[in-house]
Amino acid sequence: MEIFVTAVTIFVLAIFVGFEIITKIPPILHTPLMSGSNAISGITLIGALYAAGIEESNITKILGLFSVIFATINVVGGFLVTHRMLGMFKKKDAPK
């Protein structure tokens with residue numbers, strides 16, 4: 001039971017901290033910061049994979065699986081936003 005409480009506590013705190021950080025960033029800074037945070041998101045994914053691999057209980061495996069899914073969405077989304085942002089700076093051919 002203690003493992004369950006610890007896992008849920010870490011999960012809820014991670015959700016709360018992530019929400020608070022994202023909502024405090026002004027929209028104009030969101031895209032450049034997103035491209036810079038891809039490395040941090042990769043570290044989060046590694047931690048999520050570790051959490052999913054721990055065989056303490058079934059709830060730990062389930063929370064680890066959700067962590068892997070959400071961290072993967074975050075990494076892929078970050079790279080898509082970065083790719084779109086960099087596409088805005090490509091030179092466009094002048095009409096003839």
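Start by selecting residues 6–23 in this predicted model. That span is 100% helix and 0% strand, and its end C-alpha atoms sit 26 Å apart. Now jump to residues 59–82: again 100% helix and 0% strand, this time with 34 Å between the end C-alpha atoms. Both stretches come from UniProt, where an unreviewed entry lists residues 6–23, 35–53 and 59–82 under "transmembrane region".

**Zoom out to the whole chain**

Colour by secondary structure and you should find four helices and zero strands. Reading from the N terminus, the order is α-α-α-α. With the surface switched on, keep in mind that 15% of the 96 residues count as buried.

**The end of H1**

Next, select Glu20 and Lys24. Both belong to helix H1, which covers residues 2–24, and they are four residues apart, or about one turn of the helix. Their side chains meet in a salt bridge, 3.4 Å from N to O. How many salt bridges does a search of the whole structure find? Just one, so once you have this pair on screen you can stop hunting for others. How open are the two partners to their surroundings, buried or exposed? Glu20 is partly exposed, because its relative accessible area of 27% falls between the 20% and 50% cut-offs. Lys24 counts as exposed because its 60% is over 50%.

Stay here and add Thr23, also in helix H1. Show the backbone atoms too, as the side chain of Thr23 has a polar atom 3.0 Å from the backbone oxygen of Phe19. The Thr23 side chain also reaches the backbone oxygen of Glu20, at 3.2 Å. So Glu20 turns up twice on this stop: its side chain pairs with Lys24, while its backbone oxygen is reached by Thr23. Thr23 itself is partly exposed, at 42% relative accessibility.

**Into the largest pocket**

Now select Ala14, Ile15, Thr44, Ala71 and Asn74. What do they mark? The largest pocket holds about 1,200 Å³ of space, and of the 34 residues lining it, these five are the closest to its centre. Colour the lining by helix: H1, H2 (27–36), H3 (38–53) and H4 (58–87) each supply at least two residues. Which helix gives the most to this lining? That's H1, with 12 residues. Recolour by residue type and the lining divides into 22 nonpolar, 11 polar and one charged.

**Across to H4**

Pick Ile69 in helix H4, then measure across to Leu49. The two are 20 residues apart along the chain, and their C-alpha atoms are separated by 9.7 Å. Ile69 is partly exposed, with 38% relative accessibility.

**Last stop: the loop before H4**

Finish at Ser57, in the loop between H3 and H4. Show side chains and look for Thr60, whose side chain makes a polar contact with that of Ser57 at 3.1 Å. Then bring up Met1: in sequence, Ser57 and Met1 are 56 residues apart, yet C-alpha to C-alpha they are 9.5 Å apart in space. Is Ser57 buried or exposed? Neither: it counts as partly exposed, because its 25% relative accessibility lies between the 20% and 50% cut-offs.

Definitions and conventions: Residues are numbered from 1 along each chain as its sequence is written. This is a predicted model: local features need pLDDT of at least 70, side-chain atom pairs count only at pLDDT 80 or more; totals for chains, interfaces and linings use all residues. Side-chain values use heavy atoms; hydrogens and water are left out. UniProt positions are given in the numbering used here, feature names are shortened, and annotations may be inferred rather than shown by experiment. A salt bridge is a side-chain nitrogen of Lys or Arg within 4 Å of a carboxyl oxygen of Asp or Glu. Buried means under 20% relative accessible area, exposed over 50%, partly exposed in between (1.4 Å probe, protein chains only). On a 1 Å grid over the protein atoms alone, a cavity is a set of points where a 1.4 Å probe fits but cannot get out, and a pocket is an open set with protein on both sides within 12 Å along at least five of seven lines; lining residues have an atom within 4 Å of a point. Grid points are joined across faces, edges and corners, and a volume is the space filled by probe spheres set on the points. Ala, Val, Leu, Ile, Met, Phe, Trp, Tyr, Cys and Pro count as nonpolar, Asp, Glu, Lys and Arg as charged, and the others, Gly among them, as polar. A polar contact is a pair of N or O atoms within 3.5 Å; within protein, one must be able to donate a hydrogen and the other to accept it, and residues adjacent in sequence count only if both atoms are side-chain atoms.
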